[in-house]
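Me: I'd like to learn to read a structure feature by feature. Could you walk me through this one, starting with a strand and its neighbours?

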Amino acid sequence: MINEKFKKIEPKGLKNNIFKLWDDEWFLITAGNRNKFNCMTASWGGFGILWNLPVSFIFIRPTRYTFTFLEKTKHFTLTTFYKKDRRILSYCGKVSGKEHDKIIETGLKPLFLSDDVILYEQIKMGIVCEKLYFEDLKEKNFLDKILLKNYPKKDYHRLYVGKIKEIYIRKK
């Protein structure tokens with residue numbers, strides 16, 4: 001199914017504006033396995049080269065349900081959608097997978113590339129990442145204290161660095 005609708009590209013072949021992707025289009029982060037997984041919307045993150053590898057950086061609060069899945073699996077995926085499916089991202093950013101079945105309620109159709117690599121039929125682009133590193137953000141490390149306004153509950157994010165293993169874009 002993945003080969004019929006999507007083509008695989010190399011990270012250097014990505015032509016999107018990465019700032020626009022994160023800030024305007026958003027990503028759906030998915031982690032878990034075919035038996036149980038969760039997804040959440042993210043507008044904070046990035047891409048780059050680290051340790052001579054193409055990587056992604058994502059930030060998840062430990063209070064998020066997706067955090068538990070990220071902690072247990074080797075991979076996570078980042079997916080973008082077409083404007084017509086923006087409601088999926090809006091919904092997945094507002095409700096918790098603990099209380100809602102986001103897959104059923106949004107109509108997402110999972111595609112399992114392996115046990116812990118999950119994309120969706122509706123995606124515009126899917127990025128498969130293998131976790132390499134994590135670090136918890138700490139209040140003492142914020143050089144610009146104004147940024148702490150993002151943490152009134154002191155629920156600092158965990159940073160994950162993932163090696164970009166595969167990128168799939170929808171064929172035209």
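Reply: Happy to. Keep in mind that this is a predicted model. Let's begin with one pairing: T77 has V128 in β9 as its bridge partner. That contact belongs to a longer ladder, since seven bridges join β6 to strand β9 (residues 123-136), and the two run antiparallel.

Me: Which residue in β6 is the bridge partner of L28?

Reply: That partner is T79. Here the neighbour is strand β2 (residues 27-33), joined to β6 by three bridges, again in an antiparallel arrangement.

Me: How do I read the two faces of a strand, and are the residues of β6 buried or exposed?

Reply: The general idea first: in a regular strand, side chains alternate between the two faces of the sheet. In this case, H75, T77, T79 and F81 point one way from β6, while F76, L78 and T80 point the other way, and all of them are buried. Put as a count, seven of the seven residues in β6 (residues 75-81) are buried.

Me: Which residues touch the most other members of the largest nonpolar core?

Reply: They are F27, I58, I60, L78 and I127, in a core of 24 residues. At least two core residues come from each of α2 (18-25), β2, β3 (36-42), β5, α3 (65-72), β6, β9 and β10 (158-170). The element that gives the most is α3, with four residues.

Me: Now the cysteines. How many disulfides are there?

Reply: As background, a disulfide is a covalent bond between the sulfur atoms of two cysteines. Here the count is zero. C39 is in no disulfide, and its nearest cysteine sulfur, that of C92, is 3.9 Å away. The cut-off for a disulfide is 2.5 Å between the sulfur atoms. C129 is in no disulfide either, with the sulfur of C39 as its nearest at 16 Å.

Me: Are C39 and C129 buried or exposed?

Reply: C39 has 1% relative accessibility, so it counts as buried. C129 is buried too, because its relative accessible area is 0%.

Me: How many salt bridges does a search of the whole structure find?

Reply: It finds 11. One of them pairs K165 with E130, whose closest N and O atoms are 3.4 Å apart. This pair links distant parts of the chain, with K165 in strand β10 and E130 in strand β9, 35 residues apart. The partners also sit in unlike surroundings: K165 is partly exposed at 41% relative accessibility, whereas E130 is buried at 18%.

Me: What is the N to O distance between D136 and R158?

Reply: Their side chains meet in a salt bridge at 2.5 Å. D136 lies in strand β9 and R158 in strand β10, 22 residues apart, another link between distant parts of the chain. D136 is partly exposed at 32% relative accessibility, and R158 is buried at 11%. Look also at E71, which is linked with D136 and R158 in a network of salt bridges.

Me: And which residues make a nonpolar patch on the surface?

Reply: W51, L132 and Y133 make one, of about 310 Å². To find W51, go to the loop between β4 (45-50) and β5 (53-60).

How values were computed: Residues numbered from 1 in each chain as written. Predicted model: local features only at pLDDT ≥ 70, side-chain atom pairs only at ≥ 80, totals over all residues. Heavy atoms only, no water. Patch = residues over 30% accessible without salt bridge, like charges linked within 9 Å, V, L, I, M, F, W, Y side chains within 5 Å. Areas by Shrake-Rupley, 256 points an atom, 1.4 Å probe, with all protein chains shown as cover. Salt bridge = Lys/Arg side-chain N within 4 Å of Asp/Glu carboxyl O. Buried < 20%, exposed > 50% of the residue type's maximum accessible area, 1.4 Å probe, protein only. Pairing = 2+ DSSP bridges. Core = buried A, V, L, I, M, F, W, Y, C linked by side-chain atoms within 4.5 Å.
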